[in-house]
Amino acid sequence: MHKLGSHIVFRFFLSLGVSVLGGLLFTVIHTPIPWLLGPMIFMLVGSQIAKLPLMWPTSIRDYGILIVGYSIGLTLTEEALQGILHQLPMMLLMTLLLIGLCTLTAYAASKLTDFDFPSLLVGSIPGGLSQMVSLADEMKSINLTLVTFLQVTRLIMIVFCVPFLLFSPWIGGTTGGGTDQPMIEIATWAALFPEILLYAPLCVAGAWFARKLRFPTAFMLGPMIVMCVIQLSTTMHTPNLPSSLLNISQLMIGSHVGLMLRPQQLQRKMQTVTIAITSSVLLIAGSLGLSYILTKMFSLSAATSLLSMAPGGMDQMSIMAHEVHANLSVVSGYQLFRILFIFFIVSSLLKMILMHMLRKKDAITRSSIT
């Protein structure tokens, strides 16, 4: 038992070393969001190519997301919430257009390959990796490995491509597309105290409560709501987080994402990889087009619009918004609306449609046998 425990400890510290090395190297070569991309790429290469026995507990990823949730909560002021309410119709339209693009991509892929449409559809919709994978798990006819691979590939491609798009000449070069909000005050570790001693347990409690209520991305939504309520209902000081703590949260999230891709579990590897990359590229291109419309309609910066539309994880998009001083409340508003819409409405509709398709398929199979 003691030997097993020490083996797990060794694997964790080996993984931590690999992640830190990735973060340091990506910082030295000046890549965008180095503490998210570095650990992610190093963990992926370390586990799949170097075959190192890496592991990263989900709970560490969850607390990294909690830190990001706290930061987003600070941006949800009364003024920011009014702005989000004003944009609700646009949020709905953009979400429907993005889901429509995913459906068309999945349908085209099902016609060009021998993969089934339901699996491709669940694998294409950007509704939070855990939600789509658990939906696939409930539907026994769906190819769970394919869904996981498509979702993770999209997530990794978006997390890797969007930062380079943000810093490209098309979006705004080194400024990341301009800013929609003033520079956040310089935060220090000392400035966190003593308030953080109250807020940290409240954020943890909020995350666990949101999890009990089965909220999507509970570890982000719980702290967000807690900090938003504190800001709106009290005059208490809510300190910003130091950049070093945000870097740590990026490492906690990026390390987990890097370990999620397991190509060895795939059948028809080349075909699957081609579909995953092609559909991800189409989604990113579609997001760019939608973000251009958003920029023109609401006078938002290119960075804010792109991060609002990018079909990646809300935590990763929020980290990038922090980095380029985009309007974090608008980005999180659009991302949160899409997550909730997909979680509460699209997932239920998908379940009904897929069950209907499955019953129809069974009926055809039975009639052909008789």
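This briefing walks through two helix packings, one long-range contact and one cavity. The model is predicted, so please read every value below as computed from that model. A search of the whole structure finds 1 cavity of 30 Å³ or more, and the helix pairs covered here are H8 with H12 and H2 with H11.

**Helix H8 against helix H12**

- Helix H8 spans residues 144-166 and helix H12 spans residues 269-298; their axes come within 9 Å and cross at roughly 45°.
- The two helices are therefore oblique to each other, and the crossing of H8 past H12 is right-handed.
- On the H8 side, the contact is made by Leu146, Phe149, Leu150, Thr153, Arg154, Met157, Ile158, Cys161 and Leu165.
- On the H12 side, the residues taking part include Thr272, Val273, Ile275, Ala276, Ile277, Ser280 and Val281, along with Leu283, Ile284 and Leu288.
- Sorted by class, this contact has 15 nonpolar, 3 polar and 1 charged residues.

**Helix H2 against helix H11**

- Helix H2 (residues 34-48) packs on helix H11 (residues 243-259) at an angle of about 30°, and the axes are 7 Å apart.
- Angles under 35 degrees count as roughly parallel, so that is how H2 lies relative to H11.
- H2 passes H11 in a right-handed crossing.
- H2 brings Trp35, Leu36, Pro39, Met40, Met43, Leu44 and Ser47 to the contact.
- These meet Asn247, Gln250, Leu251, Ile253, Gly254, Ser255, Val257, Gly258 and Leu259 of H11.
- The residues of this contact divide into 10 nonpolar, 6 polar and no charged.

**Phe12 and its partners**

- Phe12 sits in helix H1, which covers residues 2-28.
- Along the sequence, Phe12 and Met55 are 43 residues apart, while their C-alpha atoms are 5.8 Å apart in space.
- Setting aside neighbours within four places in sequence, Phe12 is in contact with Met55, Trp56, Pro57 and Ile60.

**The cavity**

- Rolling a probe the size of a water molecule over the atoms shows where empty space is left.
- The largest cavity has a volume of about 30 Å³.
- Its lining is formed by Pro32, Ile33, Leu166, Phe167, Met320, Glu323 and Val324.
- Helix H14 (residues 314-324) gives the largest share of that lining, with 3 residues.
- By class, the lining of the largest cavity has 6 nonpolar, no polar and 1 charged residues.

Conventions
Residues numbered from 1 in each chain as written. Predicted model: local features only at pLDDT ≥ 70, side-chain atom pairs only at ≥ 80, totals over all residues. Heavy atoms only, no water. 1 Å grid on protein atoms, 1.4 Å probe; cavity = no way out; pocket = protein on both sides within 12 Å on 5 of 7 lines; lining within 4 Å. Points joined across faces, edges and corners; volume = space filled by probe spheres on them. Helix = DSSP H or I, 4+ residues; strand = E, 2+ residues; numbered from the N terminus. Nonpolar A, V, L, I, M, F, W, Y, C, P; charged D, E, K, R; others polar. Axes fitted to C-alpha atoms, helices over the stretch in contact; angles between N-to-C directions. Parallel < 35°, antiparallel > 145°, perpendicular 65-115°, else oblique. Left-handed = near helix turned anticlockwise from the far one by under 90°. Contact = heavy atoms within 4.5 Å.
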